[in-house]
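Please open the structure in your viewer and keep the selection panel at hand. The stops below go from a whole chain to single residues and strands.

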Amino acid sequence: MSKLLLRAFLPAILAAIPGSLFAVDGVVLIDQAHALAGGITSGDAPGFPITISESGSYRLSGNLTVPDANTTAIEVQVGDVTIDLNGFSIIGPTVCNVLTSSSCSPAGSGEGIVSHVGKGIKVLNGTVRGMGSNGIDLSVEMNSAEKVNAHDNGGIGIFVAGTVIDCAAILNGAVGIAASLVQNSQALSNGSDGISVSFGVATGNLSMENSGHGVVAACPSVLVNNVIGANGKADLSLSGSNCASANNGIGF
Amino acid sequence: MCSHFLRTIALMWTLAAASGSLYAVDGVVLIDQPHALAGGITPADAPGFPITISQSGSYRLSGNLTVPDINTVAIEITGALVTIDLNGFSILGPNVCTSSQSGGVPTGVTCTGSTNGDGIVARTGALAVTVLNGVIHGMGGNGINLGFPGDGSNGNVRNVLADNNGGDGIFTSGLVASSIAMKNGASGIEAASVSNSVALGNGQEGINVTFGAASGNTATGNVNNGISSAVAGAYNNTVNGNGISIGANCPSLVVNNTEAQNASAGVFAGAGCLTSPNAVGN
């Protein structure tokens with residue numbers, strides 16, 4: 001009888017323990033306290049960056065705040081990882097004034113979420129702001145960002161060698177969004193180009209008031225149904241051959 | 001001994017779950033009517049309405065919220081970096097709006113009252129607020145009020161239905177996507193940019209964008225402009241049956257829209273507007 005009770009209630013008991021690392025559905029919860037304590041995955045040392053070395057599903061249960069512009073918040077060392085920001089924010093100290101001085105301060109090397117090795121990494125549902133460098137940096141193919149706001153990051157707002165859907169990049173120091181596919185997203189008032197696609201697709205986006213081009217594409221790429229205007233350089237810039245560009249609202 | 005201990009733990013957990021804990025297991029703060037009336041959702045939150053959200057974080061409705069009168073604000077936000085997930089629930093007030101028309105042309109929307117009783121309002125300093133996934137109905141003021149375009153507060157709204165509110169359905173400084181504003185006393189949606197949304201039968205503008213763009217929207221039966229653009233873009237929208245089709249303060253980009261059966265054509269004030277091609281059948 002006692003074994004039956006234990007099996008029945010153990011997951012709920014573990015989840016109910018204050019500061020438990022696990023939600024009842026097996027997702028690993030991440031908050032500031034756990035970041036500072038370490039041990040979120042094997043090899044995760046106390047403090048930042050949080051090191052994710054195990055494939056699985058992770059979810060913020062509170063904001064993460066890094067101490068300076070040179071500190072990275074989360075480093076992913078494997079593939080097949082989902083990070084649900086769950087409406088919370090990754091926060092750094094950097095503020096950008098790209099409209100007036102084209103600068104972000106303090107500058108630094110810290111990124112919000114970075115991986116240079118993993119495929120199948122997905123980041124969703126939250127905000128990354130104020131990092132010294134890039135907000136999101138997932139440079140290996142087949143990664144994605146969805147419903148993420150990236151603003152006031154010193155580097156690129158969202159850089160994903162994969163898909164970016166329904167995101168917003170505002171007032172970042174460099175490019176707003178750089179990806180293979182960018183859909184239903186906004187890039188506003190970034191310090192360089194608004195949206196950059198390489199051999200991919202940009203569709204249904206808004207790119208305005210960026211210091212560089214509105215949309216930059218390495219051809220062949222497809223650019224459809226975008227609204228692009230009031231950028232510091234030519235709204236649309238294509239390099240290479242065989243780009244398809246149609247039904248875009250350009251220039252005002 | 002062991003079984004007694006386990007039974008005690010199970011009972012404690014059950015009681016905690018049954019008592020309406022303020023926190024979901026993932027750290028999100030849950031908000032419902034009892035917690036609103038009790039207060040303490042954040043340190044600055046007093047009993048009753050408005051619920052005051054003074055701390056950055058993620059908040060989620062776990063039940064409808066009902067305010068007692070049209071002068072009451074449901075949620076006021078004083079902290080930055082706040083996400084409010086309405087989670088499919090509604091914020092409800094007693095305001096009722098009725099529309100009038102003459103000869104098929106919308107002539108007005110009359111509500112029980114027009115007050116400062118907003119559904120969700122972001123106060124000064126409440127930057128980067130996001131509201132999503134629910135209904136705001138019958139408020140005395142705006143359904144959602146997250147600042148005005150150009151003020152830098154960057155408030156965003158997604159997947160919200162705002163109807164029968166005495167002011168605007170949705171009024172924000174940032175982006176509105178995939179939302180509906182119906183029969184509100186003032187404008188349907190006012191924002192920097194509005195995409196893939198619907199404005200139906202509102203008392204002033206259907207959709208009003210400033211320093212951004214309106215794209216992929218439908219504006220029908222609004223008393224004034226279906227879409228109004230101020231130094232912004234209006235692109236790939238459908239605008240029909242409004243008092244006025246599309247108006248703009250130039251420079252603006254107004255192209256690739258479909259206009260039909262609007263009582264009058266829009267006015268473009270100033271220089272530098274691009275206004276063709278559009279499919280016009282007013």
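Begin by selecting chain B, in which there are two helices and 30 strands. The model is predicted, and the spans along the principal axes of the C-alpha trace of chain B come to about 80 × 35 × 30 Å. Of its 282 residues, 57% count as buried, and among the contacts in chain B with a separation of 6 or more, 39% are between residues 24 or more positions apart.

Before going further, colour the model by confidence. Chain B has a mean pLDDT of 89, with 93% of its residues at 70 or more, while the model scores ipTM 0.81 and pTM 0.87. Now select residues 8–19 of chain B, where pLDDT stays under 50 and for which the model has 10 contacts beyond four places in sequence.

Staying in chain B, select strand β8 (residues 97–102) and strand β9 (residues 105–111), which pair in the antiparallel sense over six bridges. Which residue of β9(B) is the bridge partner of C97(B)? The partner is C111(B). At the turn of this hairpin, which has two residues between the strands, G103(B) takes a positive phi near 60°.

Next, show the largest nonpolar core, which has 131 residues; those that touch the most other members are I113(A), I136(A), I158(A), I177(A), A74(B), I144(B) and I170(B). The largest share of this core, five residues, is supplied by strand β12 (residues 136–151) of chain A. As background, nonpolar side chains tend to be buried together in soluble globular proteins. Centre the view on I144(B), and, leaving aside its neighbours within four places in sequence, display its contacts, which are G119(B), I120(B), V131(B), I136(B), V157(B), V160(B), A162(B), I170(B), F171(B) and T172(B). One of these contacts, I170(B), is itself among the core residues that touch the most other members.

Move to chain A and select V123(A), which is found in strand β11 (residues 121–129). Is V123(A) buried or exposed? V123(A) is buried, because 31 other C-beta atoms lie within 10 Å, where 20 or more are required. Beyond four places in sequence, V123(A) is in contact with I83(A), I113(A), I136(A), A145(A) and V148(A). Measure also from V123(A) to L85(A): the two are 38 residues apart in sequence and 7.3 Å apart in space, C-alpha to C-alpha.

From I83(A), a contact of V123(A), the tour continues along the strands of chain A. I83(A), in β6(A), stands opposite Y58(A), and four bridges join β3(A) to strand β6 (residues 81–84) of chain A, with the two running parallel. Then add strand β1 (residues 28–30) of chain A, which pairs with strand β3 (residues 56–60) of chain A in the parallel sense over three bridges. Here Y58(A) in β3(A) has V28(A) opposite.

For the last stop, select L188(A) in strand β16 (residues 186–188) of chain A. L188(A) is buried, because 26 other C-beta atoms lie within 10 Å. With neighbours within four places in sequence left aside, the contacts of L188(A) are I170(A), M208(A) and E209(A). Finally, draw the C-alpha to C-alpha distance from L188(A) to G120(A), a pair that is 68 residues apart in sequence and 27 Å apart in space.

Notes
Residues are numbered from 1 along each chain as its sequence is written. Chains are lettered from A and ligands numbered from 1 in the order in which they are written. A nonpolar core is a set of buried Ala, Val, Leu, Ile, Met, Phe, Trp, Tyr and Cys residues joined through C-beta atoms within 7 Å. A residue is buried if 20 or more other C-beta atoms lie within 10 Å of its own, exposed if 12 or fewer, and partly exposed in between; C-beta atoms are placed from the backbone. Two residues are in contact if their C-beta atoms, placed from the backbone, lie within 7 Å. pLDDT is the predictor's confidence in each residue, from 0 to 100. Two strands pair if DSSP finds at least two bridges between them.
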